Amino acid sequence: SYVEPLGKRWLFSSRLSSLYKLSNEAEMAYDSQGVFDDNYSVTSSNRYLSEEVTLVMQYNNDTTNVQFGMRGQMVQNMIRARSLGLESVTGEGDWNFNFSPYVGYRYRKGTSNLNLYYGTNIEQVSGEKTIPALDLTNRVQIEAGNIYLDPTVVHNMNVSYTFNNKKSFTFFNIYAYGSVENNPIVSASWFDQEGVRYAIPVNSQKPGANANMWFNVNQPFGKKRNFSVSLSCLFSYFGNTNYQATGILDGLDLDNFDYYAFMNDFWGDENGDKFYNGQSGFKESRTNTFTWSANISFKYTADKFETSLRASTQNSISKYTIDPTANMNTWNNRVSNDIFYRPGKNWEISNSLGYNFFYGYSEGYGEPELIWNFSLSKTIKNFTLELSVNDILNQSRSLRRSTNAEYSEDTYSNVIGRYFMFSLSFNFGRMNAKKNSAVESAMWNMML
């Protein structure tokens, strides 16, 4: 790297970086007698070379920092693989080039901070996605690599703003992030007559995108500022285009699989003419997922007493272009109250009560939950003894919905449920506070 000042507020910086990476993978197959089977074993070697140069101009003053420039990268990704007794080499001698702008802006004055960033980067194809062989690890979900995959170019942008008023104790923060992917790597999948799923990675001709925005504001009020209100919101979007078969297709002949003959029928020429024009039986499937959530809380704090009331909701909507009947719309809602009381003599009492309720889930999922937690603690000198009871009503469950281009799934995960806990903790800092202060003073005197 090299930096050259240009006057009082400007400077020029440059950086050149090189990367060499070598990785090897092997999946060994054996028959029922434990004899090694070279035909179904897969070995691969991935050699990755990258050369990157960055040129940036930077301007600085008391409140502002501006950076702008460009980044250039050339990458070679060579993969040597052996499967079904055949060896193949892809990417050797092929260089991919990418040039992209870079912009950064930062403004800081008083308690206000503003940051902006835009840049791009190239994501190379991983070795396992290009291996010209079948992955038979799961015999009902069989996959193969695609030697014609191209790198993905990702455009990233984010902005953040923070404001903190020390007089009114008002705090506000907003953050937004977005990215667009050109040539994202997605799956082309199909099922055969026996329900076996097959999948091949492909480059989507439609860009993928995601965006997130989050903000939070907190405002105390009252003469002693014992009251406060806090509001936070989150908005997100994710969109991607996969490829699905328009119907049930024939499975693959696992005993006599010819990768290049298969790709000739499935993919066509090196640009995928048969695949992208639908000749091999696949159609674009766009998945768009929108999620938003809001959380509001009111809090009151006194010398011995503290309580808060919270309400939150989260709504997630998934839409599918290939089959609108599969669209999803779910709601997760919660209201809760927390109480914390210190009656004196180092006693502390805590009580939490929350009610969760859901909409839009499959039958048998999304039952309401009433969660009640309680704890009692006593501090004696440096020791703290605490007895807590969690999920007193034993209604806690872990509900999750997963969605992708092929299916949606509602799942319950095991949780501990109702349990009692007794804990004993020891505070070293309280015992050693005076001793630590004396030691620090002695060390400072020795340094002087």
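User: Which residues in α1 are buried?

Analyst: Happy to help! Keep in mind that this is a predicted model. In α1, the buried residues are Y259, F262, M263 and F266.

User: How many degrees of arc do they cover around the axis?

Analyst: Start with the general idea. An α-helix has 3.6 residues a turn, so residues three or four places apart point the same way. Now the case here: the buried residues of α1 cover an arc of only 95° around the axis, which puts them on the same side of the helix. Among the elements that cover them are β12, β13, α2 and β16.

User: What happens at the start of α1 and just after it?

Analyst: At the start, a side-chain oxygen of D258 comes to within 3.2 Å of the backbone nitrogen of Y260. After α1 comes G268, which has a positive phi, near 95°.

User: Which residues touch the most other members of the largest nonpolar core?

Analyst: In soluble globular proteins, nonpolar side chains tend to be buried together. In this model the largest nonpolar core has 24 residues, and those touching the most other members are L134, W190, V202, L252, F262, F266 and F275. The largest share, four residues, comes from α1. Take F275 as an example: its contacts beyond four places in sequence include V202, Y243 and F266.

User: And Q205, is that residue buried or exposed?

Analyst: Q205 is exposed, because its relative accessible area is 51% and the cut-off for exposed is over 50%. Q205 sits in the loop between β13 and β14. Leaving aside neighbours within four places in sequence, Q205 is in contact with Y243, Y276 and E284.

How values were computed:
Residues are numbered from 1 along each chain as its sequence is written. This is a predicted model: local features need pLDDT of at least 70, side-chain atom pairs count only at pLDDT 80 or more; totals for chains, interfaces and linings use all residues. Side-chain values use heavy atoms; hydrogens and water are left out. A nonpolar core is a set of buried Ala, Val, Leu, Ile, Met, Phe, Trp, Tyr and Cys residues joined through side-chain atoms within 4.5 Å. Buried means under 20% relative accessible area, exposed over 50%, partly exposed in between (1.4 Å probe, protein chains only). Helices (H or I, at least four residues) and strands (E, at least two) are DSSP runs, numbered from the N terminus. Contact means heavy atoms within 4.5 Å. The arc is that of the directions from the helix axis to the C-beta atoms. A polar contact is a pair of N or O atoms within 3.5 Å; within protein, one must be able to donate a hydrogen and the other to accept it, and residues adjacent in sequence count only if both atoms are side-chain atoms.
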